[in-house]
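Student: I would like a close look at one part of this protein. Take me through a single strand and what surrounds it, then place it in the rest of the chain.

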Amino acid sequence: MTYKFASRMNHLKASEIREILKVTEKPDVISFAGGLPAPELFPIEAIKEASNRVLEEDGIKALQYTTTEGYSPLRKWISNRMNKKWQTNFGADNIMLTHGSQQGLDLTGKVFLDKGDIVLCESPTYLAAISAFKAYECQFMEVATDEEGMILEDLEKVLESHIDKIKLIYVIPDFQNPTGRTWSLNRRKELVKLATKYEVAIIEDNPYGELRFEGEMLPSVQSLDKEGWVISLGSFSKVFCPGYRIGWVMASKSLIEKYVLVKQGADLQCNTMAQMVIAKYLELYDIDVHIQNICDVYKDRRNTAIKVMEQEFPTEVKFTRPQGGLFAWVELPEFMNAKEVLEKCIEKNIAFVPGSSFFPNGGNENTLRLNFSTMPVEKIKEGLKCLGNVIKEMSV
Ligand code: PMP
């Protein structure tokens, strides 16, 4: 049978991570592959309490349809928190709740992208953002990055030469997925200047910003923007739990109206119960205490990962030392191929994601991403020691 699929399906293929994650379902695998929060930190008792309270106090509302924008007390809570952090002036009207920030990415594609449009992104960038935007048949132009973020001279050259086709600049300035790097203040300011000069929207995707273990918090890119070029995406996935699938888009009111239009077509609204349980949890508990617990655990795991990599990896191997988030990025010597390293590791029940998947236009076969949030310290030691041995064996 030959179905007449949409042309966009020609560009879509199963993500390499999903295939690898299938292997990691085996119980004895030490996985550095996924981007999962530590499950033992999920606030299950608190969620039970919040769910019961919602059902007892407001059950009918919680089980009914609600607005596309989302439950207003939760939107109000989010805008207050952002304003306090960034000295901004957003209100509930600047926020629409989404099913994870992943839906924010998909809806961004729906709002902005026509076939052949260009999305500028960091090189490397978040794999599932590539998939989300690709479904709208766009092209990607990667902008080289260093320790401080995108190299802005390169960004400006591309803006200058392709401005007619460029619709979006997509960035993850805090503890980036996959590299763990954080943009410097200066690059943030200059990025906003360039977007303003060339009149291009910036998507600031920030699911990890709250997970800072050390160093100073930097202003969001959105808080540096006076004109409304920046759209930020946030999420409860990494600070609460991903299972509820609640995130948000924050932008100027006129942009939020566009997002509401496309969300209506996608799913009408987010899960009402999930929105209300999160709002109740935030009313009953101090999420900052919970976030601090998460940071303490992840810091320990990151420290372990870095120490083992310093001890066990050959000196030619470079890796990032993130100040927060979930990921570190490893660059093997150029002649090595991370997929071949992975094949050897899988035989030893160790998994990670080869880095080439994070480059929309491929290449960079010598790179890989390591997640350090999911595995306990002992497993991190064992797994990275084993990875170090595989790298050493393959280096000779
Ligand atoms: N953006 C980035 C950069 C991510 O790493 C992730 C999750 N891994 C998401 C968005 C999506 O997260 P969620 O939909 O759970 O909010």
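Student: Which residue stands opposite glutamate 204 in S7?

Tutor: Valine 171 does. Keep in mind that this is a predicted model. Now look at the strand behind that answer. Strand S6 covers residues 166-171, and strand S7 covers residues 201-205. The two pair in the parallel sense, over four bridges.

S6 also pairs with S3. That pairing is parallel as well, again over four bridges. Here the facing residues are cysteine 121 and tyrosine 170, the latter in S6.

Is S6 enclosed or open? Five of its six residues are buried, so the strand is largely enclosed by the rest of the structure.

Step back to the whole sheet. It is open and has eight strands, in the order S2-S9-S8-S7-S6-S3-S4-S5. Read along that order and S6 sits between S7 and S3. The pairing across the sheet is mixed. Its edges are S2 (95-99) and S5 (149-150), and each of these pairs on one side only. Helix H8 (residues 253-267) lies across S2, S8 (230-235) and S9 (246-250). Its direction makes an angle of about 30 degrees with S2.

Next, follow tyrosine 170 to a neighbour. Threonine 125 is in contact with Tyr170, and also with Ile130, Phe358 and Pro360, leaving aside neighbours within four places in sequence. Threonine 125 belongs to the loop between strand S3 (118-123) and helix H5 (127-134). Is that loop residue buried or exposed? It is buried, because 27 other C-beta atoms lie within 10 Å, and 20 are enough for that label. Sequence separation gives another view of threonine 125. Tryptophan 77 is 48 residues away along the chain, and the two C-alpha atoms are separated by 30 Å.

Now the ligand. The shell around it holds 13 residues. Gly100, Gln102, Asn177, Ser235 and Ser237 come nearest. Helix H4 (residues 100-112) gives the most to this shell, with three residues. By type, the shell has eight polar residues, four nonpolar and one charged.

How does this fit the chain as a whole? There are two domains. Domain 2 spans 67-268, while domain 1 is made of 8-43 and 289-395. Their centres, taken over C-alpha atoms, are 25 Å apart. The contact between them takes 30 residues from each domain. On the domain 1 side, helix H10 (287-312) and strand S11 (327-331) each supply at least two residues. H10 gives the most to that side, with six. The domain 1 side divides into 16 nonpolar, 10 polar and four charged residues.

S11 leads to another sheet. This one is open too, with four strands in the order S10-S11-S14-S13 and antiparallel pairing. Its edge strands are S10 (318-319) and S13 (353-354), each pairing on one side only.

S14 makes a useful companion to S6. S14 pairs with S11 in the antiparallel sense over five bridges. Tryptophan 329 stands opposite arginine 369 of S14. Two antiparallel bridges join S14 (residues 367-371) to S13. There, valine 353 has arginine 369 as its bridge partner, and proline 354 has leucine 368. Burial is the other point to check. Five of the five residues of S14 are buried. Both faces are covered: Thr367, Arg369 and Asn371 lie on one side, Leu368 and Leu370 on the other.

End at valine 377, in helix H12 (residues 377-395). Valine 377 counts as partly exposed, because 15 C-beta neighbours lie inside 10 Å. Beyond four places in sequence, its contacts are Asp300, Arg301 and Thr304.

So, back to your strand: S6 pairs with S7 and with S3, and five of its six residues are buried.

Definitions and conventions. Residues numbered from 1 in each chain as written. Predicted model: local features only at pLDDT ≥ 70, side-chain atom pairs only at ≥ 80, totals over all residues. Pairing = 2+ DSSP bridges. Contact = placed C-beta atoms within 7 Å. Axes fitted to C-alpha atoms, helices over the stretch in contact; angles between N-to-C directions. Near = placed C-beta within 6 Å. Nonpolar A, V, L, I, M, F, W, Y, C, P; charged D, E, K, R; others polar. Domains from an automatic or database assignment. Buried ≥ 20, exposed ≤ 12 C-beta atoms within 10 Å, placed from the backbone.
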